[in-house]
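Visitor: Please take me on a close look at a single part of this model: its largest pocket, and whatever leads on from there.
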Amino acid sequence: MSERPPLPPFDRNSAIQKVRLAEDGWNSRDPAKVALAYSLESIWRNRSEFINGRDAIIQFLTRKWAKELEYRLIKELWAFTGNRIAVRFAYEWHDDSGNWFRSYGNENWEFNPDGLMQWRYASINDLPIRESERKYFWPLGRRPDDHPSLSDLGL
């Protein structure tokens, strides 16, 4: 198993960096790449679904991004201590019928000494929005550094 810097214990800068790296990974929409940030035995609660291990993470993310089209995500650090980070996030997507949503949530993360996430607890709510209410317009992939944050957008 390889290390995934930054490593715990986190300070403010390393926690912000870890959050941005997670955001970048998820915006790639590459399940196999994203799964590498999690320990082999990682345990998740995502909404009402319980997921155990990298293979299950890959299967989950594959299903997720087949449904959530044009997915764009912003994460923001909420709190940190030692090997734990709490984030809030919002992402926009549409379904195969063209219905747009903004999904809001909070995640609690716990990392092992190698910097791999071993626990992820996510609470998420979906809000239907009109296409005209969208706020995320960057090309698919990594959010540009100069794009407003959640706080800047009033989210």
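Guide: Let's settle the classes first: Ala, Val, Leu, Ile, Met, Phe, Trp, Tyr, Cys and Pro count as nonpolar, Asp, Glu, Lys and Arg as charged, and the others, Gly among them, as polar. Please bear in mind that this is a predicted model, in which local features need pLDDT of at least 70 and side-chain atom pairs pLDDT 80 or more, while totals for chains, interfaces and linings use all residues. Residues are numbered from 1 along each chain as its sequence is written, and side-chain values use heavy atoms, with hydrogens and water left out.

The largest pocket holds about 270 Å³ of space (an open set of points on a 1 Å grid over the protein atoms alone, where a 1.4 Å probe fits, with protein on both sides within 12 Å along at least five of seven lines; lining residues have an atom within 4 Å of a point). Its volume is the space filled by probe spheres set on points joined across faces, edges and corners. Among the 16 lining residues, Arg4, Leu21, Ala22, Gly25 and Ala37 sit closest to the centre. By class the lining has ten nonpolar, two polar and four charged residues. Helix H1 gives the most, six residues, and H1, H2 and E5 each supply at least two (helices, H or I with at least four residues, and strands, E with at least two, are DSSP runs numbered from the N terminus).

Let's follow H1, which spans 12-28, into its charged pairs. In H1, Arg20 and Asp24 are four residues apart, or about one helical turn, and their side chains meet in a salt bridge at 2.8 Å, N to O (a side-chain nitrogen of Lys or Arg within 4 Å of a carboxyl oxygen of Asp or Glu). Arg20 is buried at 16% relative accessibility, and Asp24 is buried at 16% too (buried is under 20% relative accessible area, exposed over 50%, partly exposed in between, with a 1.4 Å probe and protein chains only).

A second bridge, 2.6 Å from N to O, pairs Glu23 with Arg143. Because Glu23 lies in H1 and Arg143 in the segment after E6, this pair ties together parts that are 120 residues apart in sequence. Glu23 is buried at 0% relative accessible area, and Arg143 is buried at 7%.

Away from H1, Arg120 and Glu107 form a bridge at 2.7 Å, N to O. Arg120 belongs to strand E6 and Glu107 to strand E5, so the pair links parts that are 13 residues apart in sequence. Both partners are buried. Back at H1, bridges with shared partners join Arg20, Glu23, Asp24, Arg142, Arg143 and Asp145 into one network. In total, the count comes to 17 salt bridges.

H1 leads to the nonpolar interior as well. It is one of the elements giving two or more residues to the largest nonpolar core, along with H2, H3, E1, E3, E4, E5 and E6 (such a core is a set of buried Ala, Val, Leu, Ile, Met, Phe, Trp, Tyr and Cys residues joined through side-chain atoms within 4.5 Å). Of the 28 residues in the core, Trp26, Trp44, Leu61, Ile85 and Trp109 touch the most other members. E4 contributes the largest share, five residues.

For contrast, consider the second largest pocket, with about 180 Å³ of space. Its lining has two nonpolar, one polar and seven charged residues, among them Arg47, Glu49, Arg63 and Asp126. Here the largest share, four residues, comes from H3.
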